[in-house]
Structures are given as C-alpha cells and as structure tokens.
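Colleague: Could you walk me through this model before I start on my own notes?

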Amino acid sequence: MHVGFADGAATQGEQWVPGFEAGFELDGLLAGGQVGALAQFGNFVLGVQGDVSGGGLSGNYDFGFGPFPNISMEVNWLASLTARGGVAFDSVLLYGLAGLAVADTAIKYPGGSADPTYTGYTAGAGVALKLNANWSVFGEYAYYGLGEQEFDGDTYDLSLSSGKVGLNYKF
C-alpha cells in the first residue's frame, strides 16, 4: 500500500493568448497499492511492478488569469507497469524505475463532460528500507508524461509528478 501527493497540469495545445499557458492545474492526495516481483543478483536488484492509485487529484481550468470554478478536471485513477533496477546495501535498496502509465480522467464544463483516458510513460527513483524478512518501507518520486487527448475541440497534454511513501510485504 502507498500514500502520496501529486501535482501537474493538463496544458492546452493551442493557446488563446500568447504568453499565457492555459489548462488545468492539478494537485491532490493519492492512495493505492502495488504488486511486483524482485530478483537479487549479488548487490544488484531487478524487477517489475504494477501499481494503481486513486484519490483527490483535481483542479480547475486556468486561462492564465486565474481559475474558472465551473470547468474542472479530476484524475479518477493513475496506474503504471514499470521495470525496476537498483543496488542493495545491507537493508537499503536504491532503485530507478521506468515504464507504461495510464490515467483515467473526468472533465466537467458548462454544457457537457468528457472522460479521456491518457496513456504515456513514467520514470522515477526511490529508496526502500528492509524492516525484517517480510516487511519493507519505501519512498519514491515518479514523473508521468501521459500524452495528449482531445475533447470539446481542444487538445490537452497531461503531465504529473508524484511523491509517495508505502509499505510492502514479501511473500
């Protein structure tokens, strides 16, 4: 299981006013779970992990002058499937990660709504501390480049950054 915080933006592709970056400014809490497998070769560790997070990641449309409260975007869930590699020192593992990421979103605006699903990549790094033979805790940073989706005639490019802490159980 894990908890964390994420922020980012869904930036509008075509800007209405030069010099202003319009789009959705997003932030909020995340919580979820992960499952994976690791193999250790001497001090080197390789593995794969899938995770899913949900929570309160949302924001209002900002035209560059301030938010419009009647136009909003929410990230319903954020998931990734990553390859992991790192180096273990006694009970500490330093690792990097990279892989596929998907975000399901909901957008509400006057006269309609949209539910675009974004697909892209994630990359990050973390540290895990082994507590005993079965339990470990971790801290992790990840960047999500989730690509573009179009709704209501406009294109939006979604990118997020997250920091999370969690607890793992080894079977």
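Modeller: Before the strand pairings, one term: two strands count as paired if DSSP finds at least two bridges between them. Please also keep in mind that this is a predicted model.

Colleague: Fine. How many helices and strands are there in the protein chain?

Modeller: The protein chain has zero helices and nine strands, and the C-alpha atoms fill a box of roughly 55 × 25 × 25 Å along the principal axes. Of its 171 residues, 38% count as buried.

Colleague: How do β1 and β2 run, parallel or antiparallel?

Modeller: Strand β1, residues 2-12, and strand β2, residues 23-41, run antiparallel and are joined by ten bridges; within that pairing, Asp-7 has Asp-27 of β2 as its bridge partner. β2 also pairs with strand β3, residues 44-62, in the antiparallel sense over 15 bridges, and there Gly-32 is matched with Ser-53 of β3.

Colleague: What is there between the strands in the hairpin of β2 and β3?

Modeller: Two residues lie between the strands of that hairpin, where Gly-42 takes a positive phi near 65°.

Colleague: And towards the other end, which hairpins involve β8?

Modeller: β7 and β8 form a hairpin with four residues between them; these strands run antiparallel, joined by ten bridges, and Lys-130 has Ser-136 in β8 as its bridge partner. β8 and β9 form a hairpin with two residues between them, and Asp-152 in the turn has a positive phi of about 50°. The pairing of β8 with β9 is antiparallel over 15 bridges, with Tyr-144 partnered by Leu-160 of β9.

Colleague: Switching to charges, how many salt bridges does the count come to?

Modeller: The count comes to three salt bridges. In one of them, the side chains of Lys-164 and Asp-51 meet at 3.0 Å, N to O; Lys-164 lies in strand β9 and Asp-51 in strand β3, so this pair ties together parts that are 113 residues apart in sequence.

Colleague: Are Lys-164 and Asp-51 buried or exposed?

Modeller: Both Lys-164 and Asp-51 are buried.

Colleague: What about Arg-84 and Glu-140?

Modeller: Their side chains meet in a salt bridge at 3.1 Å, N to O, and because Arg-84 lies in strand β4 and Glu-140 in strand β8, the pair ties together parts that are 56 residues apart in sequence. Buried means under 20% relative accessible area, so Arg-84 qualifies with 9%, and Glu-140 qualifies with 6%. Glu-140 also forms a salt bridge with Lys-164, whose closest N and O atoms are 3.9 Å apart, and Asp-51, Arg-84, Glu-140 and Lys-164 are thus linked in a network of salt bridges.

Colleague: What volume does the largest pocket have, and which residues are closest to its centre?

Modeller: The largest pocket has a volume of about 970 Å³; of the 34 residues that line that pocket, Leu-38, Leu-93, Ser-136, Asn-168 and Lys-170 are the closest to its centre. At least two lining residues come from each of β2, β3, β4, β5, β7, β8 and β9, and β2 gives the most, with six residues.

Colleague: Last one: which residues form the nonpolar patch on the surface?

Modeller: The patch is formed by Leu-129, Leu-131, Trp-135, Val-137, Tyr-169 and Phe-171, which together have about 650 Å² of accessible area. Val-137 belongs to strand β8, residues 135-151, and is partly exposed, with a relative accessible area of 30%.

Conventions:
Residues are numbered from 1 along each chain as its sequence is written. This is a predicted model: local features need pLDDT of at least 70, side-chain atom pairs count only at pLDDT 80 or more; totals for chains, interfaces and linings use all residues. Side-chain values use heavy atoms; hydrogens and water are left out. Patches are made of residues with over 30% relative accessible area and no salt bridge: like charges are joined within 9 Å, nonpolar side chains (Val, Leu, Ile, Met, Phe, Trp, Tyr) within 5 Å. Accessible areas come from the Shrake-Rupley method with a 1.4 Å probe; for residues, only the protein chains shown count as cover. A salt bridge is a side-chain nitrogen of Lys or Arg within 4 Å of a carboxyl oxygen of Asp or Glu. Buried means under 20% relative accessible area, exposed over 50%, partly exposed in between (1.4 Å probe, protein chains only). On a 1 Å grid over the protein atoms alone, a cavity is a set of points where a 1.4 Å probe fits but cannot get out, and a pocket is an open set with protein on both sides within 12 Å along at least five of seven lines; lining residues have an atom within 4 Å of a point. Grid points are joined across faces, edges and corners, and a volume is the space filled by probe spheres set on the points.
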